[in-house]
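Q: Please take me through the side chains in this one. I'll jump between topics as I go.

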Amino acid sequence: MNKHSRVSHLPEHGPVDENGREILLSLKNVDITFGKGDKAVRAVKNASFDIYKGETFSLVGESGSGKTTIGRAVIRVNPCAKGEILYKGVRISGKTRHSLNREVIRNIQMVFQDPAASLNERATVDYIVSEGLQNFHLYKNEEERVRKVEKIIEEVGLLPEHLTRYPHEFSGGQRQRIGLARAMVMEPELVIADEPISALDVSIRAQVLNLMKKFQEERDVTYLFIAHDLSIVRFISDRIGVIYKGNIVEVAAAEELFDYPLHPYTRSLISAIPIPDPVLEKNKVLFTYDPSMHDYSEEEPQMVCIGHDHYVLGSSKEIEEYKAIREKGVPLKSITIRDPNAPEEETQSRQDEPVPVSKEEILERPLHDTGSKWYAIASFFLPPVGLIAGWIFRHFRYIRNYKSCIKGAVTGLCTIGAFALIFGLALLRAVI
């Protein structure tokens with residue numbers, strides 16, 4: 001039996017690393033898969049990183065890269081197909097004891113991206129905020145419950161009279177404050193903030209971020225901040241992890257990452273940060289990431305620390321190059337501004353230069369490559385037609401349809417062969 005399965009309560013403190021920092025949350029070689037068989041999709045691949053007590057760890061990447069999937073795995077909504085998630089050194093992924101499960105739910109809270117969809121429209125604010133208190137019996141009497149709810153509502157910038165209203169009566173920023181109050185009233189140690197400001201007006205974003213910072217200073221809260229806007233992440237994060245298509249490609253302190261973005265994908269994200277000056281933005285040259293620049297045919301990439309608490313994913317050859325660049329100590333320039341006063345011939349020649357374009361296909365499979373069961377059924381009754389259709393599908397790279405046709409045709413041929421054999425034996429017996 002796994003030693004973690006016998007743990008029924010969380011320890012007071014988590015393990016400490018070699019630098020004396022308490023590790024609150026740790027992901028070790030986590031895979032998260034959706035679907036089964038040929039339709040399985042690995043949304044997160046071999047993800048590993050630590051989050052230290054009291055820090056803000058930001059996870060950044062483009063849409064669909066797996067950021068939210070990891071956040072939902074930490075609160076045990078998405079199960080891990082491989083690896084484990086440790087909280088204070090105790091495994092919380094997979095099956096856990098009921099007492100431990102309740103402690104984890106209370107200690108890890110989440111603030112969701114869409115403040116409208118994450119709140120129950122039929123419940124009052126009072127019920128929404130105090131639901132966790134009621135479920136975990138975190139008050140002695142009704143008077144204490146009311147006092148806790150009113151206090152947290154005032155701390156997030158709302159008024160006690162708002163408690164009798166419903167979510168649709170509030171603006172987006174106010175609804176996000178309600179979601180934050182719902183999480184903070186539980187007095188959690190770790191809060192997963194899933195793009196909590198992306199749905200808000202620009203003028204409101206700073207208020208919500210300042211509110212979260214206030215809670216962190218007063219309550220020693222640790223944040224896993226999920227975002228795609230690096231311009232904000234840089235100023236609120238202690239450390240940043242960069243994720244690309246389910247792979248964690250780089251982890252470092254905020255300033256370290258912006259000064260030395262060693263992985264090409266990190267550089268591409270930084271170069272995409274908008275510049276407030278429209279003239280500079282117009283003449284900015286984007287750094288384009290091309291995944292085909294990596295040669296992992298002979299060696300699988302590994303996440304390696306190159307010093308300065310800086311981790312990068314790469315082959316052994318790439319790691320040596322990254323180390324050499326970092327040891328030079330010269331900050332890398334990710335944003336290049338084209339000279340608007342350059343001669344027209346020079347500008348034209350620059351424009352004529354080939355721009356690196358990703359060689360990846362937009363779709364890994366054709367749009368209608370569904371592998372429908374009807375292909376298998378039709379091929380079962382008409383095996384020759386199924387084999388021909390399968391060959392045509394394979395020629396045009398409809399792999400799922402091809403497999404479905406071949407599977408049905410082979411099953412049909414085996415069935416026909418079995419019936420033919422039985423009929424032949426029966427006929428032979430009748431003649432003899």
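Q: How accessible is Glu-255, buried or exposed?
A: Glu-255 falls between the two, being partly exposed with a relative accessible area of 39%, where buried means under 20%, exposed over 50% and partly exposed in between (1.4 Å probe, protein chains only). This is a predicted model, in which local features need pLDDT of at least 70 and side-chain atom pairs count only at pLDDT 80 or more, while totals for chains, interfaces and linings use all residues. Residues are numbered from 1 along each chain as its sequence is written, and side-chain values use heavy atoms, with hydrogens and water left out.

Q: And which side chain does Glu-255 pair with?
A: Glu-255 forms a salt bridge with Arg-234 at 3.2 Å, N to O, the term meaning a side-chain nitrogen of Lys or Arg within 4 Å of a carboxyl oxygen of Asp or Glu. Since Glu-255 lies in helix H8 (residues 254–259) and Arg-234 in helix H7 (residues 230–236), the pair ties together parts 21 residues apart in sequence; helices here are DSSP runs of H or I with at least four residues, strands are E runs of at least two, and both are numbered from the N terminus. Arg-234 is partly exposed as well, at 28% relative accessible area.

Q: What about Glu-256, where does its partner sit?
A: Glu-256 meets Arg-326 in a salt bridge of 2.7 Å, N to O, and that pair links helix H8 with helix H11, where Arg-326 sits, 70 residues apart. Both ends count as buried, Glu-256 at a relative accessible area of 12% and Arg-326 at 9%.

Q: How many salt bridges are there in the whole structure?
A: The search finds 15. One of them joins Lys-403 and Asp-38, with the closest N and O atoms 3.8 Å apart; Lys-403 is in helix H15 (residues 399–431) and Asp-38 in the loop between strand S1 (23–34) and strand S2 (41–52), so parts 365 residues apart in sequence are tied together. Lys-403 is partly exposed, at 41%. There is also a network of salt bridges that links Asp-17, Arg-21 and Asp-309.

Q: Switching to Glu-318: how far away is the nearest side chain of opposite charge?
A: That side chain is Lys-317, 8.7 Å away, and Glu-318 is buried yet has no salt bridge; Lys and Arg count as positive and Asp and Glu as negative, with His and the chain ends not counted.

Q: Then which side chain does Glu-318 make a polar contact with?
A: The partner is His-294, at 2.6 Å between the side chains, a polar contact being a pair of N or O atoms within 3.5 Å, of which, within protein, one must be able to donate a hydrogen and the other to accept it, and residues adjacent in sequence count only if both atoms are side-chain atoms. Glu-318, which is placed in helix H11 (residues 316–328), touches His-294, Tyr-296 and Leu-313, not counting residues up to four places away in sequence, contact meaning heavy atoms within 4.5 Å.

Q: Last topic, how many helices and strands does the chain have, and how much of it is buried?
A: The chain has 15 helices and 14 strands, and 41% of its 432 residues count as buried. Among contacts between residues at least 6 apart in sequence, 67% join residues at least 24 apart.
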